[in-house]
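Subject: Structure for your review

Dear colleague,

Please find below the sequence and structure that I am handing over to you. My notes on what was found follow directly after.

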Amino acid sequence: MHFLTILAVLSTFLPLLHAAIPTISGFTLTWSDDFIGTAGSLPNPSNWIVDTGTSYPGGPANWGTGEIQVYTSSSENLRLTGDGVLMVMPLKDANGIWTSGRIETQRTNFVAREGGKMRIQARIIMPDVTGQEAVGYWPAFWTLGGAYRGNYWNWPSIGEFDIMENVNGINAVWGVFHCGVNPGGPCNETDGLPNSRQCPGTPCQGNWHTYTIEVDRTTSIETLKWYVDDINFHTVTESQVGTSTWNIAVQSGHFILLNLAIGGAFPNNRYGSSTPIAATVPNRPMYVDYVAVYNN
């Protein structure tokens, strides 16, 4: 069956799964996208930039991570389903070239005000693929410090919040904070400061789960907290990395990214060799119901 036909069949089931953007007690919704739009169209260009190619202009090759796919603006890789869901589809052509989708917000000023909190949250289905067929898959929901845009060589000092990362179809979500200098430094780059856990209730793969980071500037020692389905699984504090490093990485605005990479350092390290492999299959999409930012 042609993959577009498969997608059309899958899309018929998504209306039952679409959810309204939630309210969060104590917070105000300050920005969101619930991906309402015409089936087959790209996400709202007022909200999103579609990244293409294998790097930013003048930036590190392979997006700085070693991932091997080419990002495109094709509706075969990136499109709205018409049911309030964004689909990101990895494909592999007859020549073995992988393509996929990556978007980032136009805004670069998502930040917790002094004395306040910010939450960045999304409801996502990770690609429904596991085992050898999943080796090299690397879906992610994350942010970069706004100063990265247009420079592209000032990572990791500008800060990176990996709100949801997953590799190789493992039933786990990773949350990671990147900061300081590379290699080494207070965030132990290039690994960053990570933690992970299994998705609660149902596997990460093929099921809706909600992924959140909270930036808390209400206390004298500021914190970052990661959640999956409202379960806190990772915390990093200002005191772990030092105030000057923290201020640069956390107290300035960020932009939000969604992508589905194939291959690269993270899946390679987990697998123990280069990915993807011959058994890795294409056509296993990531679905995103909404992205929302809350402040108090």
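**Arg102 and its surroundings**

The side chains of Arg102 and Tyr56 are joined by a polar contact of 2.8 Å. Please bear in mind that this is a predicted model. A second polar contact, of 2.9 Å, links the side chain of Arg102 to that of Asp51. Arg102 belongs to strand E8, which covers residues 102-105. With a relative accessibility of 3%, Arg102 counts as buried, because the cut-off for that class is under 20%. Leaving aside residues up to four places away in sequence, Arg102 touches Ile49, Val50, Asp51, Tyr56, Trp63, Tyr71, Trp142, Leu257, Leu258 and Asn259. Both partners in the polar contacts, Asp51 and Tyr56, thus appear among the residues that Arg102 touches.

**Salt bridges**

How many salt bridges does the structure hold? There are five, and three of them are described here.

Strand E8 also contributes to one of these. The side chains of Glu104 and Arg149 form a salt bridge, with an N to O distance of 2.8 Å. Glu104 is in strand E8, while Arg149 is in the loop between strand E10 (137-145) and strand E11 (160-165), so this pair ties together parts of the chain that are 45 residues apart in sequence. The two partners differ in accessibility: Glu104 counts as buried at 2%, whereas Arg149 is partly exposed, with a relative accessible area of 24%.

Another salt bridge brings together the side chains of Arg123 and Asp289, at 2.7 Å from N to O. Arg123 lies in strand E9 (residues 117-125) and Asp289 in strand E18 (residues 286-295), so the parts tied together by this pair are 166 residues apart in sequence. Arg123 counts as buried at 16% relative accessibility, and Asp289 counts as buried at 0%.

The third pair described here is Arg217 and Glu222, whose closest N and O atoms are 3.1 Å apart. Arg217 has a relative accessibility of 11% and counts as buried. Glu222, at 8%, counts as buried as well.

**Disulfides**

The structure holds two disulfides. A disulfide is a covalent bond between the sulfur atoms of two cysteines. Which cysteines are bonded to each other? Cys179 is bonded to Cys187, with the sulfur atoms 2.1 Å apart, and Cys199 is bonded to Cys204, with a sulfur separation of 2.0 Å. Counting the bonded cysteines along the chain, the pattern is 1-2, 3-4.

The link of Cys179 and Cys187 is right-handed, with 100° about the S-S bond. For Cys199 and Cys204 the torsion about the S-S bond is about 100°, so this disulfide is right-handed.

Are these cysteines buried or exposed? Cys179 is buried, with a relative accessible area of 0%, and Cys187 likewise counts as buried at 0%. Cys199 and Cys204 are both buried.

**A three-stranded sheet**

Strands E3, E7 and E6 form an open sheet in the order E3-E7-E6, and the pairing in this sheet is mixed. Its edge strands are E3 (70-71) and E6 (91-92), each of which pairs on one side only. Strand E6 runs antiparallel to strand E7 (residues 98-100), and two bridges join them. Across this pairing, Lys92 stands opposite Trp98 in E7.

**Helix H3**

Which residues of helix H3 (residues 243-250) are buried? They are Thr245, Trp246, Ala249 and Val250. These residues lie on the same side of H3, because they cover an arc of only 100° around the axis.

**An exposed loop residue**

Ser46 is found in the loop between strand E1 (28-33) and strand E2 (48-50). Its relative accessible area is 60%, so Ser46 is exposed, the cut-off for that class being over 50%. The C-alpha atoms of Ser46 and Arg107 are separated by 9.4 Å, while the two residues are 61 residues apart along the chain.

Yours sincerely

Notes:
Residues numbered from 1 in each chain as written. Predicted model: local features only at pLDDT ≥ 70, side-chain atom pairs only at ≥ 80, totals over all residues. Heavy atoms only, no water. Pairing = 2+ DSSP bridges. Helix = DSSP H or I, 4+ residues; strand = E, 2+ residues; numbered from the N terminus. Disulfide = S-S within 2.5 Å. Buried < 20%, exposed > 50% of the residue type's maximum accessible area, 1.4 Å probe, protein only. Arc of directions from axis to C-beta. Polar contact = N/O pair within 3.5 Å; in protein donor to acceptor, adjacent residues only side chain to side chain. Contact = heavy atoms within 4.5 Å. Salt bridge = Lys/Arg side-chain N within 4 Å of Asp/Glu carboxyl O.
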